[in-house]
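Please open the model in your viewer and keep the sequence panel beside it. The tour below proceeds by selections, each followed by a short account of what is found there.

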Amino acid sequence: MSTLIILVVLLLLVIPPTAGPPGVPALLSLGLQLLCSLPPTRRLRGWWLVAGQAALFAWMGPVPFGGPSAFFAASVLLIARGPLRWVLFGGVTAAAGAVNLGADAYVWVNAVGNTATQGLVVFALTRLGDLRDELHATRAELAARSVAEERERAGHDLDAVLGSTLSRVIGLAAAGRAGEIPPLTRRAAQRVRQRPEPPPIPPPGDLTPRLALPILTVVYLWVPVAAIIVVARAPVPVGLRVAYWAAVSAVVALQAYHALPRPPGARPRHAAWTLPAQLLLAWLPLLEPDRPYYQLVGWAAAALLIVIPAPRLAWALYAAVVASVPAVLLARSGSAAGIPAALVEVVGMSAMFYGLTAVTRLVYQVRESRLALAGLAAARERRRIAQDVHDLIGYGLSAITVKAELAARDPARAEAELAGIVTVARTALADLRAIPGDGEPGLSLRAELASAREVLEATGAVVEIDPEHEPLPDGLDALLAVVVREAATNVLRHSEARHVTIALTARDDLVRLRVDNDGVTGRPAEPGQGVANLTARLASRGGRLTTASGDHRFRLDATLPAQR
């Protein structure tokens with residue numbers, strides 16, 4: 001859309017006020033500006049374009065309506081950098097005034113003002129289009145950076161909260177202070193079971209890119225100045241002049257109000273009367289006895305497209321308002337001589353001001369969607385990290401708690417259990433520090449089965465494991481290791497099992513893992529997210545998780561395609 005707006009504005013600006021065909025220098029200047037402004041030819045921008053515009057400017061001589069001289073000014077702004085661009089822009093504007101020194105004051109001011117304001121509009125439309133494309137192209141990069149920042153933040157938080165706890169557990173176990181370990185691990189386990197906090201909402205950005213607001217301000221201020229000059233030259237009574245200046249100022253003020261940057265879908269307050277008021281004030285000068293000033297209709301027509309949310313209605317009203325200009329001119333003069341010029345000027349004015357507002361909104365929308373995508377990526381990463389912490393660290397904390405309680409109760413087993421605590425804590429610490437990284441957790445199904453047997457048998461349960469199966473792909477092996485770890489954690493936390501069975505089978509291209517225990521007590525379990533996490537993990541690999549309970553038993557079944 002931004003490319004179409006730029007194209008329409010450039011085509012309308014090159015047409016002279018007489019609505020006659022533009023000369024060869026003007027057409028060449030338009031061609032250079034198209035190369036400079038349209039996204040497909042952006043890479044061709046260079047000082048050669050400025051040199052070409054300068055040569056064409058010298059060839060054309062006085063051009064009071066702007067157009068080609070405005071293209072020269074816009075090209076300077078687009079290609080030069082830093083303060084130099086504004087110095088050169090001022091030089092081009094001054095040159096436009098210098099070549100028109102022989103004309104009257106109105107023509108001279110019009111040449112200077114149109115060169116400056118039209119050049120600013122072309123520059124703004126082009127840069128806003130560039131900015132929109134740049135923001136759109138870097139959406140993935142911002143999302144990746146947000147994920148990286150979330151991982152870094154999570155790494156610091158996990159190390160501060162859980163890492164310090166596990167390090168302290170290792171120290172207490174080495175010192176033989178088993179009784180101090182369970183309170184630490186229970187508090188840490190509570191932290192692990194908490195749902196992740198939502199990511200912080202980024203502060204609302206400035207709705208207007210820094211570029212657009214000062215340019216709009218300059219353009220809005222120029223129109224009343226031009227109107228003052230026009231009316232000052234017209235042979236009309238003083239009272240009518242004052243009324244006309246007041247109408248122009250009101251139209252400009254209402255246009256600025258209607259074009260203020262707002263979030264998508266938000267309309268100006270009181271638009272039900274401010275828009276009709278602007279339309280009326282813009283249309284009344286068409287009835288001026290001496291020379292109808294129809295340029296204000298272009299402002300009001302642009303406001304229709306900006307304010308009315310229904311595109312079909314907005315464009316229908318726009319067409320009706322624009323068509324009213326030639327209808328009034330024809331009715332007043334009976335001649336169609338000036339109608340093409342009036343249409344070009346009205347449509348050109350409306351295209352410029354609607355274009356500035358529309359492209360600014362597009363930039364805002366792309367920026368907001370970019371931020372939203374980054375926020376979603378960060379939230380997804382936060383959930384993933386919380387899921388891994390729950391699934392991978394919860395088991396270690398539960399195992400440490402069991403071993404510490406056994407060491408405190410049975411001095412004969414204390415040394416062995418304390419050594420086991422150190423091993424489990426170090427493994428959990430390594431898992432914790434790997435969690436903020438990328439990829440699947442580096443677990444082994446064989447190691448997890450052995451660990452589950454050791455910890456569950458330490459609680460007095462009889463553990464039967466039937467692991468007969470062919471070697472599994474690494475990703476599938478690690479995923480089933482997570483299932484075993486979570487199932488063992490649930491047995492430790494929620495049951496008083498005396499018999500636990502873990503069976504793994506691989507048939508018909510499906511791998512099934514079943515964990516069954518007889519320790520259901522009937523007490524309500526603490527709310528957790530382990531089963532939900534496992535369900536999501538398996539679903540992402542095309543698998544499913546089911547649970548069943550009854551007769552003091554609890555069964556967990558995980559089924560996965562063997563080839564995924």
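Select R42 in this predicted model. R42 is partly exposed, with a relative accessible area of 26%. Now add D130, whose side chain meets that of R42 in a salt bridge (3.0 Å, N to O). In contrast to a partly exposed residue, D130 is buried, and its relative accessible area is 1%. R42 belongs to the loop between α2 and α3 (47-60), whereas D130 belongs to helix α6 (residues 105-137), so the pair ties together parts that are 88 residues apart in sequence. Side chains of opposite charge can pair when their charged atoms come close. Extend the selection to R45 and R127: together with R42 and D130 they are linked in a network of salt bridges.

How many salt bridges does a search of the whole structure find? The search finds 15, and two further examples deserve a visit.

Select E454 and K403 next. They form a salt bridge in which the closest N and O atoms are 3.0 Å apart. E454 lies in helix α16 (residues 445-458) and K403 in helix α14, and the pair links distant parts of the chain, 51 residues apart. E454 is partly exposed, with a relative accessible area of 45%, while K403 is buried, at 3%.

Move on to D431 and R485. Their closest N and O atoms are 3.1 Å apart, and the two residues form a salt bridge. Are D431 and R485 buried or exposed? Both D431 and R485 are buried. Since D431 is in helix α15 (residues 411-434) and R485 in helix α17 (residues 474-494), parts that are 54 residues apart in sequence are tied together by this pair.

The next selections concern nonpolar residues. Display L125, W299, V325 and F353, which have the most contacts inside the largest nonpolar core, a group of 84 residues. Helix α14 (residues 339-409) gives the most to this core, with 13 residues. Center the view on V325: leaving aside residues up to four places away in sequence, V325 touches L286, Y294, V297, A342 and V346. Apart from this core lies another, of 72 residues, with L406, A425, L445 and V511 among them. In soluble globular proteins, nonpolar side chains tend to be buried together.

For nonpolar residues at the surface, select V24, L28 and W59. These three make a nonpolar surface patch of about 330 Å². V24 is part of helix α2 (residues 24-37).

Finally, turn to the strands, beginning with β1 (residues 462-466). Which side chains of β1 are buried? V463 and I465 point to one face and are buried, while V462, E464 and D466 point to the other face and are not. In a regular strand the side chains alternate between the two faces of the sheet.

Strand β1 runs parallel to β2, and five bridges join them; H499 in β2 is the bridge partner of V462. Follow β2 (residues 499-507) to β3 (residues 510-517): these strands are antiparallel and joined by eight bridges. β2 and β3 form a hairpin with two residues between them, and D508 in the turn has a positive phi of about 55°.

Select R512 in β3 as the last stop. T505 stands opposite R512. R512 also stands opposite T559 in β5. Strand β5 (residues 553-561) runs antiparallel to β3, and eight bridges join the two.

How values were computed. Residues numbered from 1 in each chain as written. Predicted model: local features only at pLDDT ≥ 70, side-chain atom pairs only at ≥ 80, totals over all residues. Heavy atoms only, no water. Patch = residues over 30% accessible without salt bridge, like charges linked within 9 Å, V, L, I, M, F, W, Y side chains within 5 Å. Areas by Shrake-Rupley, 256 points an atom, 1.4 Å probe, with all protein chains shown as cover. Salt bridge = Lys/Arg side-chain N within 4 Å of Asp/Glu carboxyl O. Helix = DSSP H or I, 4+ residues; strand = E, 2+ residues; numbered from the N terminus. Pairing = 2+ DSSP bridges. Core = buried A, V, L, I, M, F, W, Y, C linked by side-chain atoms within 4.5 Å. Buried < 20%, exposed > 50% of the residue type's maximum accessible area, 1.4 Å probe, protein only. Contact = heavy atoms within 4.5 Å.
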